[in-house]
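Student: I would like to go through this model with you and ask, for each label attached to a residue, what justifies it.

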Amino acid sequence: MKIALMLVIFGIFVLFNLYIRLKTMNYYRELVRNRIQFGFKDLFNNSRWEEVLSRYPGKEELMSRFRVHIMNTGALFVS
């Protein structure tokens, strides 16, 4: 029983991780289609992120969702 429970929990974790990665990849494709460019450091620095957002008006929601998904993926990797 304990092994089955552990396998279910592990399976849920893997599926959730896969879901976040697929969503992130879809947002990345959309960013590439719109020719939106920014550096990896920009994702983690709020002042730099605000500068990047100001360069691409109308795409703030897409960019912010991508950033959130990158952060979630990193958090899953660390945990």
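The dialogue below takes up burial, the core, salt bridges, a surface patch and a backbone angle in turn.

Tutor: Please keep in mind throughout that this is a predicted model, and that each label rests on a computed value set against a cut-off.

Student: Why is I36 called buried?

Tutor: The relative accessible area of I36 is 9%, and buried means under 20%, so I36 falls in that class. The residue is found in the loop between α1 and α2 (40-44), and, not counting residues up to four places away in sequence, I36 touches L31, Y56, K59 and M63. With M63 the separation along the sequence is 27 residues, while the C-alpha atoms are 8.7 Å apart in space.

Student: What makes a set of residues here the largest nonpolar core, and which residues make it up?

Tutor: A nonpolar core requires buried residues of the nonpolar kinds joined through side-chain atoms within 4.5 Å, and the largest such set has 11 residues, namely Y27, L31, I36, L43, W49, V52, L53, Y56, L62, M63 and F66. The elements that give two or more residues to this core are α1, α3 and α4 (60-78). One of the core members is L43, which, leaving aside its neighbours within four places in sequence, is in contact with F38, W49, R67, I70 and M71.

Student: How do you know that the buried residues of α3 lie on the same side of that helix?

Tutor: The buried residues of α3 (residues 46-55) are W49, V52 and L53. They cover an arc of only 100 degrees around the axis, and this is why they are placed on the same side of α3. On the other side of the helix, E50, E51 and S54 are exposed.

Student: Why does H69 count as buried?

Tutor: H69 has 13% relative accessibility, and since the cut-off for buried is under 20%, H69 meets it. H69 lies in helix α4, and, leaving aside its neighbours within four places in sequence, it is in contact with I20, K23, T24 and Y27.

Student: What makes T73 a buried residue, and what does T73 touch?

Tutor: T73, which lies in helix α4, has 13% relative accessibility, and because buried means under 20%, that label applies to T73. Not counting residues up to four places away in sequence, T73 touches I20, R21 and T24. The C-alpha atoms of T73 and T24 are separated by 8.5 Å, although their positions lie 49 residues apart along the chain when counted as a separation.

Student: Why is the pair of E30 and R33 called a salt bridge?

Tutor: The closest N and O atoms of E30 and R33 are 2.9 Å apart, and the rule asks for a side-chain nitrogen of Lys or Arg within 4 Å of a carboxyl oxygen of Asp or Glu, so the pair qualifies. Both residues lie in helix α1, three residues apart, about one turn of the helix. E30 is partly exposed, with a relative accessible area of 29%, whereas R33 is exposed, at 60%.

Student: How many salt bridges does this rule give?

Tutor: The count comes to three. R48 forms a salt bridge with D42, the closest N and O atoms being 3.0 Å apart; R48 is partly exposed at 36%, while D42, at 7%, counts as buried. E61 also forms a salt bridge, with R65, and here the closest N and O atoms are 3.0 Å apart. E61 and R65 both lie in helix α4, four residues apart, about one turn of the helix.

Student: Why does E61 count as exposed, and R65 as partly exposed?

Tutor: Exposed means over 50%, so E61, at 53%, counts as exposed. R65 has 41% relative accessibility, which is between the two cut-offs, and therefore counts as partly exposed.

Student: Which residues form a nonpolar patch on the surface?

Tutor: L5, M6 and I9 form it, with about 320 Å² of accessible area together. L5 is found in helix α1 (residues 2-33).

Student: What makes the phi of R35 worth a remark?

Tutor: Most residues other than glycine have a negative phi. R35 has a positive phi of about 55 degrees although it is not a glycine. The place of R35 is in the loop between α1 and α2, and its relative accessible area of 70% is over the 50% cut-off, so R35 is exposed.

Definitions and conventions: Residues numbered from 1 in each chain as written. Predicted model: local features only at pLDDT ≥ 70, side-chain atom pairs only at ≥ 80, totals over all residues. Heavy atoms only, no water. Buried < 20%, exposed > 50% of the residue type's maximum accessible area, 1.4 Å probe, protein only. Arc of directions from axis to C-beta. Patch = residues over 30% accessible without salt bridge, like charges linked within 9 Å, V, L, I, M, F, W, Y side chains within 5 Å. Areas by Shrake-Rupley, 256 points an atom, 1.4 Å probe, with all protein chains shown as cover. Contact = heavy atoms within 4.5 Å.
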